[in-house]
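Colleague: I would love a close look at one part of this model, the way its helices pack, and then a walk outwards to whatever else you find worth showing me. Could you take me through it slowly?

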Amino acid sequence: MYKQIYLKKGKEESLRRFHPWVFSGAIHHADEGIGEGETVRVITGEGKFIAVGHYQIGAIAVRVLSFSDCAIDAGFWRSQFRAALQMRIAIGVAGSPENNTYRLVHGEGDFLPGLVVDVYGKTAVMQAHSVGMHLCREEAVQALVEVMEQRIENVYYKSETTLPFKAELGQENGFIYGGGSDNTAVENGLKFRVDWLKGQKTGFFVDQRENRALLERYAKGRHVLNMFCYTGGFSFYALRGGAQLVHSVDSSAKAIELTRQNVELNFPGDKRHEAFCEDAFKYLEQAGGRYDLIILDPPAFAKHRAALHNALKGYTRLNMKAFEKIKPGGIVFTFSCSQVVTKDHFRNAVFTAAAMAGRKVRILHQLHQPADHPVNIYHPEGEYLKGLVLYVE
């Protein structure tokens with residue numbers, strides 16, 4: 001029997017609406033000796049069961065795994081992974097030889113808060129964002145391998161930088177199942193190398209797949225600038241779309257090297273592409289008016305609410321500079337992946353940038369995360385990626 005956490009009276013309302021978090025301020029008391037990451041039952045102020053989940057130290061005290069009074073065992077993991085896989089098959093992202101890259105588990109969006117699993121060919125990269133998921137990793141991996149069957153041969157565990165450092169888990173990245181060395185994956189027929197060990201997130205930004213495909217449609221004949229290029233995803237889509245030239249820029253030398261490798265994988269010896277290891281703002285300042293398609297996909301400017309004001313100033317400054325430099329008739333793809341920046345926040349920042357630059361700007365598309373990064377309807381906070389495609393006169 002799991003230990004129990006008891007809520008204050010009336011504090012269960014969000015759980016009755018199936019929101020998957022219990023905040024520390026809602027707790028009246030708890031059984032003694034509950035350790036961080038332990039599975040607990042949540043009891044209402046009236047003494048009734050309402051949820052089971054992982055306990056953690058912090059503002060979010062419990063991440064709910066189920067609103068049924070069930071055991072979090074091998075059967076639970078198999079059921080959750082099976083449901084996640086069936087959804088990816090239904091939407092057509094799993095099982096295609098043209099695309100063996102997709103997100104299999106997206107935290108709260110797949111009713112597994114604190115867990116992310118991305119699939120790259122025969123390797124699944126698992127990432128825990130909570131101590132509870134870390135402690136369950138062996139059981140979860142066993143269930144994952146059973147459900148995926150021949151679809152995967154390796155599981156790489158990559159949680160060194162995502163777990164709370166105060167938990168002192170001593171976590172190191174590494175293969176937890178299998179150990180294949182092939183790190184080449186395919187997305188919409190294009191190849192790329194995944195850096196499991198030192199790459200950001202799980203090694204690649206899977207969430208931009210559909211937006212990269214959209215960019216390909218606009219690239220023909222254009223001079224493309226891919227800012228914050230990371231591994232060059234937008235760059236090699238632009239090349240396939242028929243761009244006249246593509247320049248990739250990132251402040252990380254490692255990212256630039258990966259970009260060059262990925263372009264070479266798909267377009268060996270193609271002289272249309274050059275990569276530059278430079279600061280984005282400095283590069284834009286000196287860019288002149290040579291580009292008519294600019295991609296702005298920066299890392300999260302705000303990871304918590306306290307940084308929101310400065311983040312919005314950063315988005316405004318960055319977009320203003322792009323508007324100032326782009327040729328008339330140019331197109332800007334601009335994004336924010338900061339969860340605390342809402343769609344309205346982001347649009348207002350871009351609107352301000354356009355006004356400050358004095359350019360006529362029209363919205364062509366409003367972009368978001370793809371279907372394999374689903375938003376739990378009871379957890380709207382899961383909608384994190386937002387983007388705009390803009391035509392600049």
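At what angle do helix H2 and helix H4 pack, and how far apart are their axes?

Modeller: Happy to! Please keep in mind throughout that this is a predicted model. Two numbers are used to describe a pair of packed helices: the angle between the axes and the distance between them. For your pair, helix H2 covers residues 74–90 and helix H4 covers residues 137–148, and they pack at an angle of about 45° with their axes 9 Å apart. With that angle, H2 is oblique to H4, because an angle under 35 degrees would be needed to count as roughly parallel and one of 65 to 115 to count as roughly perpendicular. As for handedness, H2 passes H4 in a right-handed crossing. From H2, the residues that make the contact are Ala74, Trp77, Arg78, Phe81, Arg82 and Leu85. H4 answers with Glu139, Ala140, Ala143, Leu144, Glu146, Val147 and Met148. Sorted by class, the residues of this contact of H2 with H4 come to nine nonpolar and four charged, with no polar ones.

There is a second helix pair that is good to set beside yours. Helix H5 (residues 209–218) packs with helix H6 (residues 233–240) at an angle of about 35°, and their axes are 8 Å apart. Here, too, the crossing is described as right-handed, with H5 passing H6. On the H5 side the contact is made by Arg209, Asn211, Arg212, Ala213, Leu215 and Glu216, while H6 brings Gly233, Phe234, Tyr237, Ala238 and Arg240. The class count for the contact of H5 with H6 is five nonpolar, two polar and four charged residues.

Let us stay with H6 for a moment. Seven of its eight residues are buried, so H6 is largely enclosed by the rest of the structure. Those buried residues are Gly233, Phe234, Ser235, Phe236, Tyr237, Ala238 and Leu239. The chain around H6 has some backbone features to look at as well. In the loop between strand E14 (223–227) and H6 you will find Phe228, whose phi is near 55°, a positive value in a residue other than glycine. Phe228 has 18% relative accessibility, so it counts as buried, the limit being under 20%. Tyr230 sits in the loop between E14 and H6 as well, and its phi, near 50°, is again positive in a residue other than glycine. Tyr230 has a relative accessible area of 8%, and therefore is buried. Just after H6, Gly242 takes a positive phi of about 95°.

Now back to H5, since one of its contact residues, Arg212, has a further partner. The side chains of Arg212 and Glu187 meet in a salt bridge, at 2.9 Å from N to O. Arg212 belongs to helix H5 and Glu187 to strand E12 (residues 184–187), so this pair ties together parts that are 25 residues apart in sequence. Both ends are out of the way of solvent in the sense of the burial cut-off: Arg212 is buried, and so is Glu187.

That bridge belongs to a wider set, for the structure holds 17 salt bridges. Another of them joins the side chains of Asp118 and Arg103 at 2.6 Å, N to O. Asp118 lies in strand E8 (residues 115–120) and Arg103 in strand E7 (residues 101–106), so here the pair ties together parts 15 residues apart in sequence. Asp118 and Arg103 are both buried. A bridge between helices is also there to see: the side chains of Lys321 and Glu285 meet at 2.9 Å, N to O. This pair links distant parts of the chain, with Lys321 in helix H9 (residues 308–325) and Glu285 in helix H8 (residues 280–285), 36 residues apart. Its two ends fall in separate burial classes: Lys321, at 12% relative accessibility, counts as buried, whereas Glu285, at 44%, counts as partly exposed. Towards the start of the numbering, Glu12, Glu13 and Arg16 are linked in a network of salt bridges.

One last stop is His19, in the loop between helix H1 (13–16) and strand E2 (21–23). With 12% relative accessibility, His19 counts as buried. Leaving aside residues up to four places away in sequence, His19 touches Ser14, Phe67, Tyr378, His379 and Glu381.

Terms used. Residues are numbered from 1 along each chain as its sequence is written. This is a predicted model: local features need pLDDT of at least 70, side-chain atom pairs count only at pLDDT 80 or more; totals for chains, interfaces and linings use all residues. Side-chain values use heavy atoms; hydrogens and water are left out. Axes are lines fitted to C-alpha atoms, for helices over the stretch in contact, and angles run from 0 to 180 degrees between N-to-C directions. Helices (H or I, at least four residues) and strands (E, at least two) are DSSP runs, numbered from the N terminus. A crossing is left-handed if the near helix is turned anticlockwise from the far one by less than a right angle, and right-handed if clockwise. Contact means heavy atoms within 4.5 Å. Ala, Val, Leu, Ile, Met, Phe, Trp, Tyr, Cys and Pro count as nonpolar, Asp, Glu, Lys and Arg as charged, and the others, Gly among them, as polar. Angles under 35 degrees count as roughly parallel, over 145 as roughly antiparallel, 65 to 115 as roughly perpendicular and the rest as oblique. A salt bridge is a side-chain nitrogen of Lys or Arg within 4 Å of a carboxyl oxygen of Asp or Glu. Buried means under 20% relative accessible area, exposed over 50%, partly exposed in between (1.4 Å probe, protein chains only).
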